[in-house]
Structures are given as C-alpha cells and as structure tokens.
Amino acid sequence: MDIGDWITLAAVVVALGIGVASILHTQSLQKQERKERLLNEIIEWATETIEWDIEKDYFTEKRLREADKPLLVILMQLIRLSEGFRSFKRKGQLILRPLALVFKHQPLTDFMDELIYNLQKHVELIGLQEMALMNDITAQTLSNEFNSAVNEVTNHKKQLDQSATKVISEATKLKSKL
C-alpha cells in the first residue's frame with residue numbers, strides 16, 4: 001500500500017465516523033422530539049379534561065321552563081357529559097402506555113393513573129345522577145336525590161381538576177428538562 005491508499009482509507013474511515021455520528025445525533029433528536037410530542041399531548045389532554053363541561057346553566061329554571069320536556073333535556077346533557085369523560089379516560093389510557101416506556105418511574109405516570117381513576121369515578125357519579133334523573137322523569141319533578149347527586153358531581157369535578165393540574169404541572173416540568 002502506498003501513501004495514496006492510506007489517505008483514501010483514512011478518508012473512508014473519517015467519512016464513516018462522520019456518518020455514524022450524524023445517524024446517532026439524528027436518532028437522539030428524534031427521541032427528544034417524540035418525548036416532547038408525548039408531553040405536549042399529555043398537557044393538551046389534561047387541559048381539555050379540565051375545560052370539559054357542559055353549559056353551566058343546564059339545571060336553571062329558565063332552561064327547564066323553555067324546554068318541552070325539560071328533564072329529558074337534562075338527561076341528554078348528562079349523557080353527553082358522561083361520554084366526554086369516558087372519551088378522556090380512554091385517551092388517557094392510550095397515552096399512559098407509551099408514557100410508561102419513555103418516562104419510567106416518573107411521578108407523571110402516577111399522576112396520570114390518579115387522573116384516569118378520577119375520570120372513571122366521575123363517570124360513575126354522573127351515572128348515579130342519570131339514574132336519579134330517570135326516576136324523576138317519571139315523577140315529572142327533580143328530587144332531593146338528584147340534587148344531592150348534582151352536588152356530589154360538582155364537588156368531585158374539583159378533585160378531578162386538581163388531578164389534571166398535577167399532570168399538567170409535572171409534564172411541563174419534564175418538558176422544561178428536555
């Protein structure tokens with residue numbers, strides 16, 4: 001081998017090294033981007049969970065007087081509300097799988113579990129509210145049982161929002177460390 005062959009070999013080795021370094025850097029950037037997208041999705045999901053609510057006046061007397069079948073209007077709103085929270089729960093469960101792989105042993109996974117649990121509990125409370133309302137539809141009046149269920153759902157919504165806020169806070173903290 002003469003000097004030209006050694007120079008060619010050295011150039012090939014340097015080019016190969018640069019290529020490998022470039023591939024590794026690109027993979028590192030892609031991994032970071034995936035983490036960031038996942039955290040953004042979690043923040044968006046938790047924010048939507050907080051914001052999801054039906055019109056604040058769906059139990060007002062004015063609304064009930066304006067409707068032909070007021071209790072059915074309320075029942076339809078409750079069903080819509082319940083379906084929304086079920087949807088958030090399912091989405092959270094789908095997000096949790098890759099999250100557990102990417103961010104192992106992080107408080108965020110615990111906060112996500114807590115929020116998903118609270119979403120399930122909220123759906124169950126709304127279900128109790130629906131059952132009380134169905135009994136009231138027969139009687140054509142709102143009962144104390146229904147009003148009690150409304151208060152329970154309202155109080156639990158605060159707990160649900162606190163869980164979502166923890167998720168947002170932790171995801172934001174992790175995102176700032178990327």
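Student: In this predicted model, which residue forms a salt bridge with Lys173?

Tutor: The candidate lies in helix H5, as Lys173 does, and the two are three residues apart, about one turn of the helix. The closest N and O atoms of the pair are 3.3 Å apart, and a salt bridge requires a separation within 4 Å. The partner of Lys173 is therefore Glu170.

Student: Is Glu170 buried or exposed?

Tutor: The relative accessibility of Glu170 is 8%. Buried means under 20% relative accessible area. Lys173, at 41%, counts as partly exposed, whereas Glu170 counts as buried.

Student: What is the N to O distance in the salt bridge of Asp161 and Lys157?

Tutor: Asp161 and Lys157 both lie in helix H5, four residues apart, about one turn of the helix. Lys157 counts as buried because its relative accessibility is 11%. The side chains of Asp161 and Lys157 meet with an N to O distance of 2.6 Å.

Student: How many residues apart in sequence are the parts tied together by Glu114 and Lys166?

Tutor: Glu114 forms a salt bridge with Lys166, with 3.1 Å between the closest N and O atoms. Glu114 belongs to helix H4 (residues 107–139) and Lys166 to helix H5 (residues 144–177), so the pair links parts whose separation in sequence is 52 residues.

Student: What is the relative accessible area of Lys166?

Tutor: Its partner Glu114 is partly exposed, with a relative accessible area of 28%. Lys166 is also partly exposed, a class that lies between the 20% limit for buried and the 50% limit for exposed. For Lys166 the value is 35%.

Student: How many salt bridges does the structure hold?

Tutor: Among them are the pairs Lys173 with Glu170, Asp161 with Lys157, and Glu114 with Lys166. The total for the structure is four.

Student: Which residues gather in the patch of positive charge on the surface?

Tutor: One of the members is Arg37, which is placed in helix H1 (residues 3–51). Arg37 counts as exposed because its relative accessibility is 52%, and exposed means over 50%. The patch consists of Lys31, Arg34, Arg37 and Lys104.

Student: How far apart are the end C-alpha atoms of H1?

Tutor: Helix H1 has 49 residues, and at 1.5 Å a residue its expected span is 72 Å. The distance in the model agrees with that expectation. The end C-alpha atoms of H1 are 71 Å apart.

Student: Which residues of H1 are buried?

Tutor: To count as buried, a residue must have under 20% relative accessible area. Arg37 is in H1, but at 52% it counts as exposed. The buried residues of H1 are Leu38, Leu39, Ile42, Ile43, Trp45, Ala46 and Thr49.

How values were computed
Residues are numbered from 1 along each chain as its sequence is written. This is a predicted model: local features need pLDDT of at least 70, side-chain atom pairs count only at pLDDT 80 or more; totals for chains, interfaces and linings use all residues. Side-chain values use heavy atoms; hydrogens and water are left out. Patches are made of residues with over 30% relative accessible area and no salt bridge: like charges are joined within 9 Å, nonpolar side chains (Val, Leu, Ile, Met, Phe, Trp, Tyr) within 5 Å. Accessible areas come from the Shrake-Rupley method with a 1.4 Å probe; for residues, only the protein chains shown count as cover. Lys and Arg count as positive and Asp and Glu as negative; His and the chain ends are not counted. The place of a charge is taken as NZ of Lys, CZ of Arg, CG of Asp or CD of Glu. Buried means under 20% relative accessible area, exposed over 50%, partly exposed in between (1.4 Å probe, protein chains only). The expected span of a helix is 1.5 Å times one less than its number of residues.
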